[in-house]
Amino acid sequence: MTAYEPSNHNQCSYTFAVLGKRYTGESSSPNLPMTIGQQVTVYFDRDAPMTNSLTDYEAASRNNVGFSRFLIVGIIVIIASILYAKRRAIRH
């Protein structure tokens, strides 16, 4: 890691090499605290290493799926509540 800014959402700057070519990146640190010079795991797109992060893309994707499911269930509950309320209003 080449730079660490805790006041900027734990922003880290880092360099890494893929097939002998050096790349740089910036990402929020998933771990606290960090120190300059510390070795970190960098996750990157094999086809485009300039797309990189300190957070595992698969883990982030699983988190997004869980949140999406929560939103879908919430929307279904709201729609069901509205339909139930309308049905009760029509009956009375």
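This briefing goes through confidence, aromatic rings, loops, a strand residue and a surface patch in one protein chain.

The structure is a predicted model, and the mean pLDDT of its chain is 86, with 92% of the residues reaching 70 or more. Confidence is not even along the chain, for its mean is lowest in helix 1, at 83, and highest in strand 2, at 94. As a general caution, predicted coordinates should not be read in detail where pLDDT is low.

**Aromatic rings**

- A search of the whole structure finds three aromatic pairs, and one of them joins Y14 and F16 in a tilted arrangement, with 6.2 Å from centre to centre and 40° between the planes.
- F16 also pairs with Y23, and this pair is stacked, with the ring centres 5.6 Å apart and 25° between the planes.
- Y14 and F16 are both buried, and Y23 is buried as well.
- Taken together, Y14, F16, Y23 and F44 make up one aromatic cluster.

**The loop between strand 1 and strand 2**

- H9 and N10 can be read side by side, since H9 is placed in the loop between strand 1 and strand 2, and N10 is found in that loop between strand 1 (3–5) and strand 2 (11–18).
- Most residues other than glycine have a negative phi, yet H9, which is not a glycine, has a positive phi of about 55°.
- N10 is also a residue other than glycine with a positive phi, and its value is near 55°.
- The two residues differ in how much of their surface is accessible, because H9 is exposed at a relative accessible area of 64%, whereas N10 has a relative accessible area of 19% and is therefore buried, the cut-off being under 20%.
- Setting aside residues up to four places away in sequence, N10 touches Y4, E5, S27, S28, S29 and L32.

**The loop between strand 3 and strand 4**

- S29, one of the residues that N10 touches, lies in the loop that runs between strand 3 (21–28) and strand 4 (43–45).
- S29 counts as buried because its relative accessible area is 11%, and the cut-off for a buried residue is under 20%.
- When neighbours within four places in sequence are left aside, S29 is in contact with Y4, N10, C12, M34 and L54.
- Y4 therefore appears in both contact lists, since it is touched by N10 and is in contact with S29, while both N10 and S29 are buried.

**A residue in strand 5**

- S53 belongs to strand 5, which covers residues 48–53, and S53 counts as buried at a relative accessibility of 12%.
- Apart from neighbours within four places in sequence, S53 is in contact with Y14, S27, T41, V42 and Y43, and one of these residues, Y14, is also part of the aromatic cluster.
- S53 and G37 are 16 residues apart in sequence, and the distance between them in space is 17 Å, taken from C-alpha to C-alpha.

**A patch on the surface**

- F67, F70 and L71 form a nonpolar patch on the surface, and together these residues have about 350 Å² of accessible area.
- F67, one of the residues of this patch, lies in helix 1, which spans residues 57–91.
- Helix 1 is also the element in which the confidence of the chain is lowest, at a mean of 83.

Key. Residues numbered from 1 in each chain as written. Predicted model: local features only at pLDDT ≥ 70, side-chain atom pairs only at ≥ 80, totals over all residues. Heavy atoms only, no water. Patch = residues over 30% accessible without salt bridge, like charges linked within 9 Å, V, L, I, M, F, W, Y side chains within 5 Å. Areas by Shrake-Rupley, 256 points an atom, 1.4 Å probe, with all protein chains shown as cover. Salt bridge = Lys/Arg side-chain N within 4 Å of Asp/Glu carboxyl O. Helix = DSSP H or I, 4+ residues; strand = E, 2+ residues; numbered from the N terminus. Buried < 20%, exposed > 50% of the residue type's maximum accessible area, 1.4 Å probe, protein only. Contact = heavy atoms within 4.5 Å. Phe/Tyr/Trp six-rings, centres within 6.5 Å; stacked < 30°, edge-to-face > 60°. pLDDT = per-residue confidence, 0-100.
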